[in-house]
Amino acid sequence: MIRIRQNLTKTWQSQIEAATTQITVLSPYITPNDTLPLLKKNARIYTLFQVRDFVSRASDIEFLTVLVKAKHEVYELKNLHAKVVMDEDSFVT
């Protein structure tokens, strides 16, 4: 079954709160939002690090710094296009 939603924020929030394993996020752009602050420590975040994305505000370098200081693992994944939030055993969106 495929479900398409306009706004996944509430779904992600409930899945993150219920997760018992590490959360992984894949997103080419990272900006301040209501979902990422809910991440438990040591979430893995894969994103792009391109100057043009920071200049255009498609991504926010200061918010990435906040995530790193909160003990999340932040990695660059070149050519990333996918947008995924998942844990290790119970959900993937």
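**Figure 1. F49, at 33% relative accessibility, counts as partly exposed.** Buried means under 20% relative accessible area, exposed over 50%, and partly exposed in between (1.4 Å probe, protein chains only). The model is predicted: local features need pLDDT of at least 70, side-chain atom pairs count only at pLDDT 80 or more, and totals for chains, interfaces and linings use all residues. Residues are numbered from 1 along each chain as its sequence is written, and side-chain values use heavy atoms, with hydrogens and water left out. F49 sits in the loop between β2 and α2. Helices (H or I, at least four residues) and strands (E, at least two) are DSSP runs, numbered from the N terminus. Beyond four places in sequence, F49 contacts F54, L64, V74, Y75 and E76. Contact means heavy atoms within 4.5 Å. F49 and H72 are 23 residues apart along the chain, and 16 Å separates their C-alpha atoms.

**Figure 2. E76 in strand β3.** This residue is partly exposed, at 38% relative accessibility. Apart from neighbours within four places in sequence, E76 is in contact with T47 and F49. The contact with F49 thus appears from both ends: E76 is also among the contacts of F49. S14 gives a long-range reference for E76: the two lie 62 residues apart in sequence, and 27 Å apart in space from C-alpha to C-alpha.

**Figure 3. L48 in the loop between β2 and α2.** L48 counts as buried, with 7% relative accessibility. Setting aside residues up to four places away in sequence, L48 touches S27 and P28, D53 and F54, and the residues L77, K78, N79 and L80. F54 is also a contact of F49. T21 precedes L48 by 27 residues in the numbering, and their C-alpha atoms are 24 Å apart.

**Figure 4. An open sheet of four strands, in the order β3-β2-β1-β4.** The pairing is mixed. Two strands pair if DSSP finds at least two bridges between them. The edges are held by β3 (73-76) and β4 (84-86); each has a single partner strand, so one side of each is left without a neighbour in the sheet. From one strand to the next, the twist averages 10°. Axes here are lines fitted to C-alpha atoms (for helices over the stretch in contact), and angles run from 0 to 180 degrees between N-to-C directions. Three bridges join β1 (residues 24-26) to β2 (residues 44-47) in the parallel sense. One bridge partner in β2 is R44, paired with T24.

**Figure 5. T35 in the loop between β1 and β2.** T35 is buried, at 6% relative accessibility. Its contacts beyond four places in sequence are T9, W12, Q13 and I16.

**Figure 6. The largest nonpolar core, with 14 residues.** Such a core is a set of buried Ala, Val, Leu, Ile, Met, Phe, Trp, Tyr and Cys residues joined through side-chain atoms within 4.5 Å. The members that touch the most others are I23, V25, I30, L36, L39 and L67. Helix α3 (residues 61-69) gives the most to this core: three residues. L67 contacts I30, L36, I45, H72 and V74, leaving aside its neighbours within four places in sequence.

**Figure 7. The largest pocket, with about 240 Å³ of space.** On a 1 Å grid over the protein atoms alone, a pocket is an open set of points with protein on both sides within 12 Å along at least five of seven lines; a cavity is a set where a 1.4 Å probe fits but cannot get out; lining residues have an atom within 4 Å of a point. Points are joined across faces, edges and corners, and the volume is the space filled by probe spheres set on them. The lining has 15 residues, with W12, S27, Y29, N33 and L36 the closest to the centre. Elements giving two or more residues to the lining are α1 (9-18), β1 and β4.

**Figure 8. Positive phi at R57 and N79.** R57, not a glycine, has a positive phi of about 70°. R57 lies in the loop between α2 (51-55) and α3. At 70% relative accessibility, R57 is exposed. N79, also a residue other than glycine, has a phi near 65°. N79 belongs to the loop between β3 and β4. At 75% relative accessibility, N79 is exposed. N79 is one of the residues that L48 touches.
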